[in-house]
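Let's take a friendly walk through a protein model. Have the sequence and the 3D view ready, and look up each residue as we go.

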Amino acid sequence: MEHLLPTALHEAENYGSDCQVVVLDNCSTKDDVAWVRRKFSLVKILVAPRNEYLFSYNEYAKQSTAHILVFLNNDLKLCENFLLPLLRHFEQEDVFSVSATSRNWSDTKFTFGPMHLKEHHGDYYWNPDYERQVVCHTLFCSGGFMAVDRIKFLEIGGFNNLYYPAYSEDVDLCFRSWRKGWRCIYEPRSIVLHREHGSWDSIAGSQASRLMLRGKLLFSWSTLPRCANPIEEYFYLLYKSFSKFLSGERWYPETIFKTWLEWRKVYRIYEALKIDREELNRINNSIALPIG
């Protein structure tokens, strides 16, 4: 926070309009609130009734009157001229969200890029294209450094608690916006320095990997079409799990099994919400379109 807040206040002042810096405190156990009030008197502080991680933004969005909300993790430092490139895209009415890019803490390489949905034997995945640092459409914007249209955010229900406590909630959010015909944009001129996992000190190593795999599976199962040949999909998942197990990553098949048990409790809620191939192709084609 000692790095984020000075840069956030600087960017808010440079923006030259009604731009307020708000700290949403998720029931911190340290003396964070008092420290912020003592060091940064211009910052507004809201204390969430309980720690819901990124999902606390849902309630905050209901209380806010701002047109655009910029979500920022506490393990960031904003680079000069972060805000203006990010917000200018919202002049277009069909824009839902805009993602900044990130570089490592020592500012030597990019650690984020635009995303595209890919599939292999029914296994869906996405990876950042670090080399493509141009303004373009993206599958999703990072929940750690993104701007959203608040009204649209509320209209589609905010972050889905299916993904609590973390990972793939931003993928799901942005994909629902693409289904509405809104756009998600990647803006590499807005840069943050990111101390990765700095806000997740208690979730590291294989635990973070477990959560990432869980989130990917839940998003795939709840939203995306099944493989044309389900047997092919099952055998590929079995093959991948067995390979991971043999390589020492025993957490991988264990996470798949536990996620499947979790999914069986809620799958009926999502049966009618899954998209078909035609809609998926339409969305992927829209993401691939250049920004004119």
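Here is a short tour of some features worth finding in this model, which is a predicted one.

## Helix α3 and what it packs against

Start at helix α3, which covers residues 56–63. Which of its residues are buried? They are Ser56, Tyr57, Asn58, Tyr60 and Ala61. These buried residues pack against three strands, β1 (22–25), β2 (44–47) and β3 (68–72), and also against helix α5 (150–155).

The helix has a salt bridge too: lysine 62 pairs with glutamate 59, and their closest N and O atoms are 3.8 Å apart. The two sit 3 residues apart in α3, so about one helical turn separates them. In an α-helix there are 3.6 residues a turn, so residues three or four places apart point the same way. Lysine 62 counts as exposed because its relative accessibility is 56%, while glutamate 59, at 40%, is partly exposed.

## More salt bridges

How many salt bridges are there by the rule used here? The count comes to 19. One of them joins arginine 183 to aspartate 94, with the closest N and O atoms 2.9 Å apart. This pair ties together distant parts of the chain: arginine 183 belongs to strand β10 (residues 183–194), aspartate 94 to the loop between α4 and β5 (95–104), and their positions lie 89 residues apart in the numbering. Arginine 183 is buried at 16% relative accessibility, whereas aspartate 94 is partly exposed at 29%.

Next, look for lysine 152 and aspartate 149, whose side chains meet in a salt bridge at 3.1 Å, N to O. Both of these residues are buried. You can also hunt for a network of salt bridges that links Arg88, Glu187 and Arg189.

## A buried charge with no partner

Now go to strand β1 and find aspartate 25. Aspartate 25 is buried but has no salt bridge. Where is the nearest side chain of opposite charge? That is arginine 37, and it is 8.9 Å away. A salt bridge needs the nitrogen and oxygen within 4 Å, so a gap of 8.9 Å rules this pair out. Leaving aside neighbours within four places in sequence, aspartate 25 touches Asp32, Val33, Leu46, Val47 and Ala48.

## Cysteines without disulfides

A disulfide is a covalent bond between the sulfur atoms of two cysteines. How many does this model have? The count is 0. For cysteine 174, the nearest cysteine sulfur belongs to cysteine 184 and is 3.9 Å away. The cut-off for a disulfide is 2.5 Å, so these two don't make one.

Is cysteine 174 buried or exposed? It is buried, with a relative accessible area of 0%. Cysteine 227 is buried as well, at 12%.

## Unusual backbone spots

Most residues other than glycine have a negative phi, and most peptide bonds are trans. Asparagine 81 has a positive phi of about 60° although it is not a glycine; look for it in the loop between β4 (76–78) and α4 (83–87). Histidine 121 isn't a glycine either, and its phi is positive at about 55°. You'll find histidine 121 in the loop between β6 (118–120) and β7 (123–125).

The peptide bond from tyrosine 164 to proline 165 is cis, with omega near 10°. Proline 165 is in the loop between α5 and α6 (169–179).

## A nonpolar patch outside

Finish at the surface, where Ile231, Phe235 and Leu238 form a nonpolar patch with about 350 Å² of accessible area together. Leucine 238 is part of helix α8 (residues 230–246), and counts as exposed because its relative accessibility is 55%.

Methods. Residues are numbered from 1 along each chain as its sequence is written. This is a predicted model: local features need pLDDT of at least 70, side-chain atom pairs count only at pLDDT 80 or more; totals for chains, interfaces and linings use all residues. Side-chain values use heavy atoms; hydrogens and water are left out. Patches are made of residues with over 30% relative accessible area and no salt bridge: like charges are joined within 9 Å, nonpolar side chains (Val, Leu, Ile, Met, Phe, Trp, Tyr) within 5 Å. Accessible areas come from the Shrake-Rupley method with a 1.4 Å probe; for residues, only the protein chains shown count as cover. Helices (H or I, at least four residues) and strands (E, at least two) are DSSP runs, numbered from the N terminus. Buried means under 20% relative accessible area, exposed over 50%, partly exposed in between (1.4 Å probe, protein chains only). Contact means heavy atoms within 4.5 Å. Lys and Arg count as positive and Asp and Glu as negative; His and the chain ends are not counted.
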